[in-house]
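Colleague: I'm new to this, so could you pick a single part of this structure and take me through it slowly?

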Amino acid sequence: MTEATDTSSDRRVTRVVDQCARHYGRSPAFIVRAPGRVNLLGEHTDYNGLPVLPMAIDRNILIAGVPRADRVVMLQNIEPRFGARQYELNEDIPPFAPGDWGNYSKAATQGLMGYCGGQLRRGAELVVDGDIPSGAGLSSSSALVVANALALLAANEVEVPYVRLAELLPAAERYVGTLSGGMDQATSLLAQQGHALRIDFFPLRVRTVPLPWGYSIVVCHSLVQAEKSGAARRGYNLRVIECRLACRVLERALGSGLPRPLHTLGDLAILFPGRPLVEFISFLSAEVPDRPLSLAQIAAIIGTAPERLRSECRLTADLGDDFTLLRRLRHVLCEADRVNQAEEALRAGDAPGFGRLMDASHQSCRDDYEISCAELEELVHIAKEAGAVGARLTGAGFGGCTVNLVADAEVRTFLTRVDRSFYRSRRGAARDARERRFIFKPQSGAEVCRL
Ligand code: GLA
């Protein structure tokens with residue numbers, strides 16, 4: 001059973017302060033905190049402009065720092081395997097090697113330079129400490145981007161509204177090569193303690209949603225690492241492109257029924273308010289078979305040239321030439337409807353209803369979006385047997401964690417059964433409970449403390 005305690009966060013603050021003095025010979029002028037998140041429902045909907053339902057967790061990135069007089073940014077990490085890094089403030093910052101942790105700082109900096117570069121004249125000396133497990137689907141990378149952005153702004157005494165940051169940082173994070181949506185950064189910045197958040201995109205809007213009384217959010221790691229900048233990246237980016245292609249075919253299928261072009265699938269909700277999104281699945285199924293298609297086949301359906309479609313959808317060669325459209329669309333539109341229903345269920349205090357939607361979301365992620373794996377399936381199965389009201393994979397998928405809704409009175413038994421059935425047989429997993437299963441309470445979003 002794990003929860004970050006006040007004592008452990010106090011200890012981490014003391015540690016970054018001490019390390020700042022040790023590495024840079026100065027006490028920090030500011031400390032920033034940016035939390036990770038767990039997504040309760042609404043998977044792979046955000047980049048389609050459709051809603052999500054996450055909450056911030058009590059794991060975060062802390063950065064202590066001091067401004068510099070010149071434009072150099074220096075990074076130290078409490079964790080020795082992440083070596084020291086250094087670069088200069090610039091409009092166009094060359095990346096470190098792919099997968100390097102310093103790229104998340106560069107991503108934030110380059111994004112801010114494009115937005116308010118004229119006001120950013122000073123670099124900073126920063127010490128980073130994180131306790132969000134990486135590759136777990138709990139958004140350690142976006143929390144790192146958010147924390148770096150806030151640190152650079154603090155060093156320059158520049159204020160940018162959090163909503164604005166939440167809009168610009170997702171695009172900035174594409175610097176690391178993932179075509180992610182905006183859920184993670186928005187949650188890290190805008191979450192409110194004690195609540196889940198419903199987030200809508202383009203334009204960004206958030207509202208708090210209550211969690212059911214008497215239930216816990218229990219997160220279990222499948223022990224399969226799903227690094228956004230590593231192995232999971234291709235699978236993730238391919239889903240994004242498949243959605244863009246499905247959007248183009250749908251646009252063609254709807255033809256003159258559309259008042260304007262479809263930029264994202266989310267435009268359907270704007271252009272046809274009140275109409276259930278799932279109704280649009282039949283428009284696509286009338287055009288495409290339920291099997292993978294090549295770019296040339298999809299271009300022929302739309303009536304355009306393959307190379308034109310490739311460049312319009314910004315499709316890169318590494319993603320291959322097999323695209324599944326119908327199932328992807330079905331997942332995205334049904335998932336968005338589930339978020340609407342989940343919000344209603346939560347406002348009505350209907351925990352079993354919310355749990356059923358979590359289960360349905362998992363099935364759709366597995367069968368239509370194909371982002372599950374054997375270990376996640378095993379964990380979800382065990383969780384349901386162990387009494388979870390709802391259980392599903394969370395985050396990008398391909399590994400990482402499951403999220404479970406469990407009655408408070410059942411949590412202890414639930415954990416014992418998951419330990420016995422899943423972790424005990426896995427080498428090394430029994431050792432560190434703190435890093436494999438978590439009970440999270442919804443936390444507030446990022447904060448900056450000037451010292
Ligand atoms: C990752 C991305 C998010 C979102 C989820 C899937 O966490 O960073 O933007 O797309 O996957 O819901």
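**A close look at the sheet**

Modeller: Let's start with one pair: Ile63 has Val128, in β5, as its bridge partner. Before going on, this is a predicted model, where local features need pLDDT of at least 70, side-chain atom pairs count only at pLDDT 80 or more, and totals for chains, interfaces and linings use all residues. Residues are numbered from 1 along each chain as its sequence is written, and side-chain values use heavy atoms, leaving out hydrogens and water.

Back to our pair. Strand β2 (residues 53-67) and strand β5 (residues 124-130) run antiparallel to each other, joined over seven bridges. Strands here are DSSP runs (E, at least two residues), helices are DSSP runs too (H or I, at least four), and both are numbered from the N terminus. Two strands pair if DSSP finds at least two bridges between them.

Now zoom out: β2 and β5 belong to an open sheet of six strands, in the order β4-β3-β5-β2-β1-β12, and the pairing is mixed. At the edges sit β4 (85-88) and β12 (447-450), each pairing on one side only. Ignoring direction, neighbouring strands in this sheet are turned by 20 degrees against each other on average.

Two helices lie across parts of this sheet. Helix α2 (residues 102-116) lies across β3 (72-77) and β4, at about 25 degrees to β4. Helix α5 (residues 183-190) lies across β1 (30-41) and β2, at about 125 degrees to β1. Contact means heavy atoms within 4.5 Å. Axes are lines fitted to C-alpha atoms, for helices over the stretch in contact, and angles run from 0 to 180 degrees between N-to-C directions.
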